Number of protein chains: 4
Amino acid sequence: MQPLGIALVGHAFMGRVHSQAWRTVGRVFPLARPVDLTVLAGTDADRVRRAADDLGWREGIGDWREAVLRDDVHIVDICTPGDSHAEIAVTALEAGKHVLCEKPLATSVAEAEAMALAARRAREQGVRSMAGFTYRRVPALALARKLVREGRLGRVLQFRARYLQDWLHDPDAPYSWRLDRTRAGAGALGDTGSHIVDLGRFLLDDPLDGVSAQLATFVESRRAPDGTEHEVTVDDAAVFTARFRSGALATFEASRFAAGRKNAIQLEISGTRGALAFDFESMNELSFYDATEPPGTAGFRRILVTEPGHPYLRVWWPPGHGLGYEHAFTHQAYDLLTGIADGTDPEPDFDDGLYVQRVIEAVETSAAASGTYTPVTGS
Amino acid sequence: MQPLGIALVGHAFMGRVHSQAWRTVGRVFPLARPVDLTVLAGTDADRVRRAADDLGWREGIGDWREAVLRDDVHIVDICTPGDSHAEIAVTALEAGKHVLCEKPLATSVAEAEAMALAARRAREQGVRSMAGFTYRRVPALALARKLVREGRLGRVLQFRARYLQDWLHDPDAPYSWRLDRTRAGAGALGDTGSHIVDLGRFLLDDPLDGVSAQLATFVESRRAPDGTEHEVTVDDAAVFTARFRSGALATFEASRFAAGRKNAIQLEISGTRGALAFDFESMNELSFYDATEPPGTAGFRRILVTEPGHPYLRVWWPPGHGLGYEHAFTHQAYDLLTGIADGTDPEPDFDDGLYVQRVIEAVETSAAASGTYTPVTGS
Amino acid sequence: MQPLGIALVGHAFMGRVHSQAWRTVGRVFPLARPVDLTVLAGTDADRVRRAADDLGWREGIGDWREAVLRDDVHIVDICTPGDSHAEIAVTALEAGKHVLCEKPLATSVAEAEAMALAARRAREQGVRSMAGFTYRRVPALALARKLVREGRLGRVLQFRARYLQDWLHDPDAPYSWRLDRTRAGAGALGDTGSHIVDLGRFLLDDPLDGVSAQLATFVESRRAPDGTEHEVTVDDAAVFTARFRSGALATFEASRFAAGRKNAIQLEISGTRGALAFDFESMNELSFYDATEPPGTAGFRRILVTEPGHPYLRVWWPPGHGLGYEHAFTHQAYDLLTGIADGTDPEPDFDDGLYVQRVIEAVETSAAASGTYTPVTGS
Amino acid sequence: MQPLGIALVGHAFMGRVHSQAWRTVGRVFPLARPVDLTVLAGTDADRVRRAADDLGWREGIGDWREAVLRDDVHIVDICTPGDSHAEIAVTALEAGKHVLCEKPLATSVAEAEAMALAARRAREQGVRSMAGFTYRRVPALALARKLVREGRLGRVLQFRARYLQDWLHDPDAPYSWRLDRTRAGAGALGDTGSHIVDLGRFLLDDPLDGVSAQLATFVESRRAPDGTEHEVTVDDAAVFTARFRSGALATFEASRFAAGRKNAIQLEISGTRGALAFDFESMNELSFYDATEPPGTAGFRRILVTEPGHPYLRVWWPPGHGLGYEHAFTHQAYDLLTGIADGTDPEPDFDDGLYVQRVIEAVETSAAASGTYTPVTGS
């Protein structure tokens, strides 16, 4: 059967992880149609050729548009910085290519709306689109959603979410483009906050109604490796309280200043019948409290999410043999391929990505208005 | 030497814990002057007599005023519901008695101001007053403050605080007076939120500048054990973001709906050189991340706070033999007695209690104003 | 009602903890008959008088025999070094006093046999005796036994026990009498190993059949604080494998060289239907794995053993407000007083103490015979 | 440059993991010479062809000898059941192929000796051999060894090792060939016990002097899926105490009956200056206790072994983005390729595999001799 050709745009950190996923997905999951790592696109032709070689792509070319429009390409995977997502995605969708686009979907609501519109139109032609909120594919989080849906928590009343990193906690850490609002869009809020906003919706199956926010920039300027001093124009940390449509109360924090926390996505969901807790630093574990147990033996149980019946686990290793960060990307690739094969839309789609963009905008609006509760528009 | 006579007002949960502390303090700590459990006061003469007998007091009487004004009473310890604190405390202070008053200090800022004024006046006469924010005396938290003061965290930039309980998570849990605003003052916010507000000030040695808050009442009416249905007029959960005067960013949550969390005071302090984390459910442990360690061996270390050099530990048991909830009350009694002996004021005093009251008021004001950032007045 | 008079012999570490228990037991537990802290006995009349004053005893006297034989003394609590247990206990039992004796019961099987014989004779006169294996009264361990008895683990197949401390891990730690076999009886094996031997029997309700052991002395001589060098004549660590009568397989380790472990009694029980795990350094927690749960949600659950329905908890504080090391001693006192009131024998009795002595002897015999499996005699 | 051709023999669980490693190693690590997944060998030609297709091999053939002897094959990777290791390995080595052989090396000491001899001879021809004790390549364990070697623990005095699984804890779990001694060689002892024996040597850089052991078979017969009843002829659990040559004391346990433990390789190393602890169920973490810290801030620190400076981590993801089980196999492949490129021998070699076999034999001998201490021969 003719394989599905992939064009991957971008070969930095995200491009490397996606490459590992595309190389692996067909080796562990049974696919309706095999995949082919057809072309890697970048901006510097030499560098992209070397990267293609390293990462296992047939070709590497310096022009993303050429890659995207090739006849032997059926799926376009966008791993570039956020400010180029819209153009690449719309081009690909209009050319009838399925698109997987890294998060955050765009650098503004307007861009995200354009992308979501293009995706909706393309959907009518059987073209699939997917936003790369990969943490949904961590088995422990997929299990969490399943338990919530099955009613194991009863009515969900509270959601707590933190995404903590610490690479800026040292005031002498160097300046980089990620601290420049014009290039990065937002700081901790957009980079990691977007993930927990998406996870809130995923886990509770409910969008946010509104937010009340504060942003902080603790270190106002930093020195670049070349010795020049630059103003930091993004947030170092974002904290906000929020309400889901259902009335559930939520707290969110994204920070790059949480010394000792490396990639700590810490979540807790409290319901009338139980609770769930998760920390990505122990990504193979989910804590579950079943409040219907007799009090004498109730307690948070640490579920090692490595059983064959757990989400995505059937194809991997025996119980207790944990997965790593990159596996969620392989699962994401598999879910996209399944959607393509089945003619169904994989979640999260571009509308879901647009929703996250709107929440980020509401957070910024609220923070600029002294924390006043700000509705999430249009969702 | 003549002992210091104690009058304890109240003999419910708090009265029992304070009794245990007064019985124990002179047996484990070296006191300048011994203490005498002179009189227990309550409202029902028969019940208080039985309680006095059970709890080890010489007498039990049904009139707090009589107890407070006795010549053989030097210290008045107030463990009654919040709405009687002001009258008892002011009476005692004006009579020249040292006062320990349970938290929250009062049910309004106005009351707390009157109490703080009385305490300031009494101080001039060498009379000591102390607010019962007992968690300051948990050795792990006393150690945390010491490490912050020694600069082990560098400049503190973020504070995260949750006080989670779950005794209301079940919508069928019965109504009680604690859910009636006129009797209880506030809900989770006042009851447990007040503790983490105090701990924030204690640990960072800095008051809050302002807050942005949301309150929630998830279950709007409940049935009492007698079958009658009552409206719930207090908050079930309170969430707020805040700024310390120093600029540090904070998040606070108090909840009675956090299924599986029994008395989880979860704190984290992030600084430029390190971080601390604590959970009261493991009260003998403090987690410390030293960011000045080489990255290869850095990590949150679990300090078992049971070494003889740790705060309060010299009088207790060998390393690894943990303390319990009530020990902090014995430490509190010891610190008050030390203040009396030395003529110095133990922390936290009534001004500190007033500060907490002002923060609670600001939280309620902000919540009523859609989360708008609200300064903490007067502090 | 006339109180039960207590004579406590010994006022070092154990005497201090027992004093706290005797002071507290009648204040928190409902007693059939009150207790009176009648007399503290020691060897140095001046020191014991001061100690009696500090610890809350009516009198302190320098002659244990006089204390033990007083008419107003009904219970004798022995907290002296092991080599005096037998004489004091037998004297007290023959005088018709109830006896609580610290562990290990004696320094030899012969002594323990004499004590057990005296206890059996006294029992016929309604006199109670109890060996101070206090960890049985830690609520989490009492709960563990309950779960085992209820069949929640199915058939128990394995028991793992470690008692780890680290006060000797530094080769320069000073010499003390505890390292002299003639005074201390044994090293880690007798001091802490005896506890886990007792806990094995308690938890599985089954004695050991035999053992295969190794002992180690890692540092063969140490310098005393006075500068003199002394040979270490006890074990620094003891490891042994064992079989219970039921066929269950066991591993035991006692060590004073486990750097970083302060008082880590680490236990795990594996059965056909579940498992339990415990670490005294987190003494308010019990981990329970219910293997009858569906694999998708099975996991070790952390039971916070602070619910009112948990063993001993009804008289203490609300859920989540943990207990400390000393509380088990108060529970022990309560269980002894209950036995006295009911005319039933509290566990563990002197026969149970004798059993532990026999296991220790078998361990030493096996170690001396190159680890050959050695039956536990007479039990 | 001509790639190194790989022949993989076996395509069950281990074959699948090794395939993932060979597919990945050249994509993430910089290799001196690329690798080629030349041929997969099995016993059933049809099944192996399909497996080759699935797993990414050029060809699948039903005759291992043919695969091994091909000119385009330079490395033979043996993932078959243990009873065929010797023949395949010796054939490959004599043909001048580098060999990676899964553990345990063989089913007897005699076989392992023949293999080690062949490896030593081949080494003179520049041929490399490696035993597949893959856990050495888990970054946390590689870091542990580094810390031991750097002296961070001082003199190592104790080693504790458990390898706990639970797939047999249910007496009704079905019979399989793994419970037949003639086919499986040994039970828990050989299968998982061999790993912790190897890790002991790896981490302490020291072989065992002797062992004192007990083996247990808790369920003596089981029913196969086809309804026939079979005797279980291997151990369900193995426990042994041991001495390293250095005098360090060790405890080992391998069990398939530890309910709730899925793949729990639990290690602890205690030294005069510190300690390390590890559990494979949290494979990205290493706990380190530095006893040279002041007691007030000493504690086991949880090192998240995901920093770029940690072993093998430079090529993977940013801090906090953990690795999974399979990554150790990729590291193993890389270390073998590095050895081939450099002309140095990767550890562990076949002599190391032979050592493990000798320890297993000593354990069985000791268990058969009532636990008598039994020297490990020849090492």
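In which sense, left-handed or right-handed, does helix 4 of chain A cross helix 5 of chain A? The model examined here is predicted, and accordingly local features need pLDDT of at least 70, side-chain atom pairs count only at pLDDT 80 or more, and totals for chains, interfaces and linings use all residues. Residues are numbered from 1 along each chain as its sequence is written, while chains are lettered from A and ligands numbered from 1 in the order in which they are written.

The crossing of helix 4 of chain A with helix 5 of chain A is left-handed, a term used where the near helix is turned anticlockwise from the far one by less than a right angle. Helices (DSSP runs of H or I, at least four residues) and strands (runs of E, at least two) are numbered from the N terminus. The axes of helix 4 (residues 85-94) and helix 5 (residues 109-124) of chain A come within 9 Å and cross at roughly 10°, the axes being lines fitted to C-alpha atoms over the stretch in contact, with angles running from 0 to 180 degrees between N-to-C directions. Helix 4 and helix 5 of chain A are therefore roughly parallel to each other, a description applied to angles under 35 degrees. In this pairing, A:A86, A:A89, A:V90, A:L93 and A:E94 of helix 4 meet A:E111, A:A114, A:M115, A:A118, A:A119 and A:A122 of helix 5, two residues being in contact if their C-beta atoms, placed from the backbone, lie within 7 Å. The contact residues comprise nine nonpolar, no polar and two charged; Ala, Val, Leu, Ile, Met, Phe, Trp, Tyr, Cys and Pro count as nonpolar, Asp, Glu, Lys and Arg as charged, and the others, Gly among them, as polar.

Between chains, a turn of 180° with a shift of 0.0 Å along the axis lays chain A on chain C with an RMSD of 0.0 Å, where copies are superposed by least squares on the C-alpha atoms of residues with pLDDT of at least 70 in both. The two copies are thus related as by a two-fold rotation axis, and in chain A the C-alpha nearest the axis, that of A:R301, lies 1.8 Å from it.

Chain B is likewise superposed on chain A by a rotation of 180° with 0.0 Å of shift along its axis (RMSD 0.0 Å), and in chain B the C-alpha nearest that axis belongs to B:T372, at 2.2 Å. In this pair, 32 residues of chain B are in contact with 32 residues of chain A. On the side of chain B that touches chain A, the largest share, four residues, comes from strand 12 of chain B.

Notes. Angles under 35 degrees count as roughly parallel, over 145 as roughly antiparallel, 65 to 115 as roughly perpendicular and the rest as oblique.
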